[in-house]
Amino acid sequence: LIVREMRRVLRERESAVPPPAETFRADMRHVPVATGMAVAVAGLLVLAAWTFDITALKKVFPWLTATMKANTALCFVLAGAALALHNLRKFRVACASVVCAVAAISLVEYIWGVDFGIDQLLFHDQGDTQTIPGRMAQFTAIGFLLAGLSLLLTDAKARGSLWTQQAASLVVEISGLTALLGYLYGVRQFYGPGGFSSMPLNTSLAFSALAAGLLFARPDGLLRALMAEGSGAHFARRLLPAVLALPIIAGWLQIIGESKGWFDPYLGTGLFVLTMILSF
């Protein structure tokens, strides 16, 4: 009788605990809200920095020259709020439309060499050596155009719209991470190629977070494999952090090792390639 009762209690507990996939899906539903709030707060902090002239909040580290512009910060506030409240369709569409409009005007200013007066509409910018005073970088404007498009298609039902939303989000993610790696590795071409304004460090961080939230906003998109049931999907979820982190750490160690003289460039490159192969 005791053994039978213990088995019954165990069966009830097992049936009450949701499977790992369901738990993961439930947790991932909070990612767009969390990342959206983080991006919006980051934008508000930079707007406060422009209001009270706090240089540290504009560019993260004092030795960096590129600063997040006020227009960029405003777009992050709108995009982050739209992502955090993506279920409010009219609010999301309104915010995304403003973000797309500001980004499009900025790109037109670059292409045709005109000034529509929006660059310093909020605050007067003295400028820096890597950006035009008050104007977001070219790749920042492109990122906002794609992020705005992704926000507009967040609840689209058509399959073509779904993959357009996911592709736009993925490009924004790659753009943000590339600029971030440029700062980590000290490679300016990653965050400010020749002839283009530099994407500031805080902008690259905000884009990476925003794009991650946009990808998780559609669980039926590229991330659906991670949310599937089965041991394979469960193993992939556990392995994903290492797959993402190992190549970045290996590249950074390669640069540090070569600069310190710990090993020659050929050995460093070989170790990096080996780490990439093992991680994938």
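**Exercise 1. Cysteines**

Task: In this predicted model, decide why C100 forms no bond with the closest cysteine sulfur.

Solution:
- Step 1. Find the partner. The cysteine sulfur closest to that of C100 belongs to C75.
- Step 2. Read the distance. The two sulfur atoms are 9.1 Å apart.
- Step 3. Recall the cut-off. A disulfide needs sulfur atoms within 2.5 Å.
- Step 4. Conclude. The sulfur of C75 is too far away, so C100 has no bond to it.
- Step 5. Check the whole structure. It holds 0 disulfides.

**Exercise 2. Buried or exposed?**

Task: Classify C100, C95 and D125 as buried or exposed.

Solution:
- Step 1. Take the cut-off. Buried means under 20% relative accessible area.
- Step 2. C100 has 16%, so C100 is buried.
- Step 3. C95 has 6% relative accessibility, so C95 counts as buried.
- Step 4. D125 has 8%, so D125 is buried too.

**Exercise 3. The surroundings of D125**

Task: Locate D125 and list what its side chain reaches.

Solution:
- Step 1. Place the residue. D125 sits in the loop between α6 and α7.
- Step 2. Look for a side-chain partner. D125 and K69 are joined by a polar contact of 2.9 Å between their side chains.
- Step 3. Look for a backbone partner. The D125 side chain reaches the backbone nitrogen of G134 at 2.6 Å.
- Step 4. List the contacts, leaving aside neighbours within four places in sequence. They are W50, K69, Q120, I132, P133 and G134.

**Exercise 4. Helix α7**

Task: Test the length of α7 against the expected span, then find what its buried residues pack against.

Solution:
- Step 1. Count. Helix α7 covers residues 138-152, which is 15 residues.
- Step 2. Predict. At 1.5 Å a residue, the helix should span 21 Å. The multiplier is one less than the number of residues.
- Step 3. Compare. The end C-alpha atoms are 21 Å apart, so the values agree.
- Step 4. Pick out buried residues. Among them are Q138, T140, F144 and L151.
- Step 5. Find the partners. The buried residues of α7 pack against α5, α6, α8 and α10.

**Exercise 5. The nonpolar core**

Task: Describe the largest nonpolar core and the residues with the most contacts inside it.

Solution:
- Step 1. Give the size. The core has 40 residues.
- Step 2. Name the residues with the most contacts inside it. They are F76, F144, L151, F207 and L210.
- Step 3. Name the elements. Those giving two or more residues are α3, α5, α6, α7, α8 and α10.
- Step 4. Find the largest share. Helix α5 gives 9 residues.
- Step 5. Zoom in on F207. Not counting residues up to four places away in sequence, F207 touches F76, T140, G143, F144, V172, G176 and M199.

Definitions and conventions:
Residues numbered from 1 in each chain as written. Predicted model: local features only at pLDDT ≥ 70, side-chain atom pairs only at ≥ 80, totals over all residues. Heavy atoms only, no water. Helix = DSSP H or I, 4+ residues; strand = E, 2+ residues; numbered from the N terminus. Buried < 20%, exposed > 50% of the residue type's maximum accessible area, 1.4 Å probe, protein only. Contact = heavy atoms within 4.5 Å. Core = buried A, V, L, I, M, F, W, Y, C linked by side-chain atoms within 4.5 Å. Polar contact = N/O pair within 3.5 Å; in protein donor to acceptor, adjacent residues only side chain to side chain.
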